[in-house]
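This briefing concerns the internal cavities of the model shown below and the site of its ligand. The points are grouped by topic after a short lead.

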Amino acid sequence: MNIDGKHYRTIWLHPHNRAVIQIIDQRLLPHEFKIVDLTTVAEVAHAIKAMLVRGAGLIGATAGYGMVLAALEAPQHDRAAFLESLARAGEFLSATRPTAVNLAYAVQRQLTAIRAVETIPSMLDMAYQTAALIADEDADFCRRIGEQGIALIEKIYAHNGGKTVNILTHCNAGWLAFVDYGSATAPIYAAHDKGIPVHVWVDETRPRNQGARLTAWELGQHGVPHTIIADNVGGHLMQHHQVDLVITGADRVTRSGDAANKIGTYLKALAAKDNAVPFYVALPSSTFDFALRDGVREIPIEERGADEVMYMDGVLSDGTVTTIRITPADSPAANYGFDVTPARLITGLITERGICDANEAAITALYSEKV
Ligand code: MRU
């Protein structure tokens with residue numbers, strides 16, 4: 001995607017040093033655009049945990065590249081020691097954030113690919129190849145989600161007499177959450193690029209404000225009309241027919257179609273159901289967890305520090321970025337990062353292979369290798 005007219009992905013190898021990974025520090029957006037070098041597994045783990053990088057797809061791609069650094073850091077003269085060191089690094093990276101399954105998926109994919117080759121130099125090559133494959137696949141899957149999902153927007157556009165299609169989204173499932181394109185935003189970008197008038201209601205997404213800070217910035221960079229709303233506005237808008245379609249992303253989706261996504265998504269799905277607004281979840285196949293069925297019981301929900309609820313970052317009129325406390329100093333705060341929307345509230349899933357109902361039969365019809 002473009003930033004001030006220049007194409008960027010969210011993660012890449014340093015052009016002159018293959019032992020350095022480069023990312024955009026998303027904690028600083030939209031106030032500052034800063035590229036950060038990651039040179040060790042510990043730095044990669046910190047970047048994921050502290051959310052310099054975030055979003056299911058990008059966490060996965062970062063873990064993929066983290067395993068390259070793990071291969072560079074591992075003992076280089078003994079295959080067993082090399083693999084043992086890599087497995088430890090994989091566990092360390094997997095433990096950084098629990099909800100998005102793309103993280104464990106990328107680590108496992110790296111370990112499987114690396115174990116399949118013999119010599120240490122070829123294992124190192126394999127780590128590089130697999131990291132690139134995970135990243136390229138992520139971008140390609142998101143592009144294809146756009147190709148699939150645009151049909152939903154086109155249909156609404158045709159039915160509403162050519163009026164602007166109003167789409168509500170929650171959090172940031174845009175290109176910043178992946179390697180490129182995004183999941184929930186890919187159909188929106190595709191429709192906008194095709195000349196279909198779209199307008200996006202952007203939930204601010206407390207406490208970290210990924211909607212207000214990141215989705216709004218992305219959409220603005222791409223020229224897509226949008227309006228930031230406080231988190232509790234969506235239900236009101238739906239009651240007043242100002243939302244034609246909801247598209248969110250997902251951090252983990254079970255084989256039965258229950259979807260974990262940023263906290264607050266469940267309430268939007270309830271409001272959408274009550275107002276007969278179609279509610280779609282967009283995801284690449286790496287976000288499915290085929291080992292799970294009951295999302296509410298089985299998907300681990302990340303709890304983060306209370307400070308994220310108590311403090312906010314913002315920019316002063318002189319341009320200085322600062323942090324302020326918005327709560328009483330001694331009131332406790334709880335910070336649940338995600339919730340699970342049960343499949344019965346989801347109209348459909350938009351995947352790179354097509355759009356399907358949120359139930360096991362429909363999902364495994366698309367992913368027949370997972371039956
Ligand atoms: O905590 P984050 O920012 O990593 O959360 C991820 C999200 O932005 C959302 O839950 C998103 O909709 C799914 S990630 C593609």
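The second largest cavity has a volume of about 90 Å³. The model is a predicted one, and a search of the whole structure finds four cavities of 30 Å³ or more. The largest cavity, at about 150 Å³, is the space taken by the ligand.

**Second largest cavity**

- The lining of the second largest cavity includes the glycines Gly-57 and Gly-60, together with Ala-61.
- Asn-102, Tyr-105 and Arg-109 are also among the residues that line the second largest cavity.
- Further along the sequence, the lining of this second cavity includes Ile-134, Glu-137, Asp-138 and Phe-141, as well as Ser-286.

**Largest cavity**

- The volume of the largest cavity is about 150 Å³.
- Its lining comprises 19 residues, of which Arg-54, Gly-55, Asn-172, Asp-251 and Asn-261 are the closest to the centre of the cavity.
- By class, the lining of the largest cavity divides into eight nonpolar, seven polar and four charged residues.
- Domain 1 (2-137) and domain 2 (147-370) each supply at least three residues to the lining of the largest cavity.

**Ligand shell**

- The ligand occupies the space of the largest cavity.
- The ligand is surrounded by 17 residues, and the closest of them are Arg-54, Arg-97, Asp-251, Asn-261 and Lys-262.
- The shell around the ligand consists of eight nonpolar, five polar and four charged residues.
- Both domain 1 (2-137) and domain 2 (147-370) contribute to the shell around the ligand, with at least three residues from each.

**Polar contacts and cover of the ligand**

- In the side chain of Asn-261, an N or O atom lies 2.6 Å from an oxygen atom of the ligand.
- For Lys-262, the distance between an N or O atom of the side chain and an oxygen atom of the ligand is 2.7 Å.
- Gly-55 approaches through its backbone: one of its backbone N or O atoms is 2.9 Å from an oxygen atom of the ligand.
- On its own, the ligand has 400 Å² of accessible area, and the protein covers 100% of that area.

Conventions: Residues are numbered from 1 along each chain as its sequence is written. This is a predicted model: local features need pLDDT of at least 70, side-chain atom pairs count only at pLDDT 80 or more; totals for chains, interfaces and linings use all residues. Side-chain values use heavy atoms; hydrogens and water are left out. A residue is near a molecule or strand if one of its heavy atoms lies within 4 Å of it. A polar contact is a pair of N or O atoms within 3.5 Å; within protein, one must be able to donate a hydrogen and the other to accept it, and residues adjacent in sequence count only if both atoms are side-chain atoms. Accessible areas come from the Shrake-Rupley method with a 1.4 Å probe; for residues, only the protein chains shown count as cover. On a 1 Å grid over the protein atoms alone, a cavity is a set of points where a 1.4 Å probe fits but cannot get out, and a pocket is an open set with protein on both sides within 12 Å along at least five of seven lines; lining residues have an atom within 4 Å of a point. A molecule sits in a cavity or pocket if more than half of its atoms lie within 2 Å of its grid points. Ala, Val, Leu, Ile, Met, Phe, Trp, Tyr, Cys and Pro count as nonpolar, Asp, Glu, Lys and Arg as charged, and the others, Gly among them, as polar. Domain bounds come from an automatic or database domain assignment. Grid points are joined across faces, edges and corners, and a volume is the space filled by probe spheres set on the points.
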